[in-house]
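Please examine the sequence and the structure below. The briefing that follows covers a buried acidic residue, the cysteines and one helix.

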Amino acid sequence: MTVMSAEKRNALLEMKRLELAGLEKRGVRVCGNAFSPIVLVKGELNDAERGGSRLLSGADGTALRAALERLGYAPEDFCALASVAGACEEGVAATYAPGDPLPPELFRWALEALDPEAVVLLDDAASAMMREAYAEELAEVEQFNVAMLESGLVARVLGRRVLALGGFEAALASADAKQRMWAYLKQLPPLGSPL
């Protein structure tokens, strides 16, 4: 087993930091641990998030953190990505405005930069973005419902497990819907964990 030198590790960390900073300048909203094995994608932002609050800083984030910990993810294994644009840095020319869906290629670039083992699509807007950004890969999935990212089904996309929830934040209002979300999430334990 080789141990990564501190110099190499620091160079990789700096490279990731610069890549994410470049994406954020273009209006990509990411928060949390960029090295997390799981990324939560949100496309339908609530009022607080549209007003500038961090992604998943409300009740939905609290519930997701608790669910992920119960599944065996470490508390620091939490990363959120918005499929809608935030504000671009001054001087960056963009064909989209804050609140618009990100261009699919920019969303894909962001998700590939994060490079998670699993992706959870929290709402229909996030699922639509994933379908558009990864259309070629999803076209290769044999089962139509899985390829369309139907809620509760796990798709394999470029070696990643992708799960659509179809409205996590809205589900928090109903005990039955919360149970359904938990049943869906239980399909994505950390890799290497006992079943």
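Beyond its neighbours within four places in sequence, Asp77 is in contact (heavy atoms within 4.5 Å) with Asn33, Ser36, Pro37, Ile38 and Leu68. This is a predicted model, in which local features need pLDDT of at least 70, side-chain atom pairs count only at pLDDT 80 or more, and totals for chains, interfaces and linings use all residues. Residues are numbered from 1 along each chain as its sequence is written, and side-chain values use heavy atoms, leaving out hydrogens and water.

**Asp77**
- Asp77 lies in the loop between α3 (59–71) and β3 (79–82); helices (H or I, at least four residues) and strands (E, at least two) are DSSP runs, numbered from the N terminus.
- Asp77 is buried (under 20% relative accessible area, 1.4 Å probe, protein chains only).
- Asp77 has no salt bridge (a side-chain nitrogen of Lys or Arg within 4 Å of a carboxyl oxygen of Asp or Glu), and the nearest side chain of opposite charge, Arg161, is 10 Å away.

**Cysteines**
- The whole structure contains 0 disulfides (pairs of cysteine sulfur atoms within 2.5 Å).
- For Cys31, the nearest cysteine sulfur belongs to Cys79, 6.9 Å away; Cys31 is buried, at 11% relative accessible area.
- For Cys88, the nearest cysteine sulfur is that of Cys31, 18 Å away; Cys88 is partly exposed (between 20% and 50%), at 23%.

**Helix α4**
- In α4 (residues 104–114), the buried residues are Leu106, Phe107, Ala110, Leu111, Ala113 and Leu114.
- These residues fall within an arc of 160° (directions from the helix axis to the C-beta atoms), so they line one face of the helix.
- Asp115, just after α4, has a positive phi of about 50°.

Terms used: Lys and Arg count as positive and Asp and Glu as negative; His and the chain ends are not counted.
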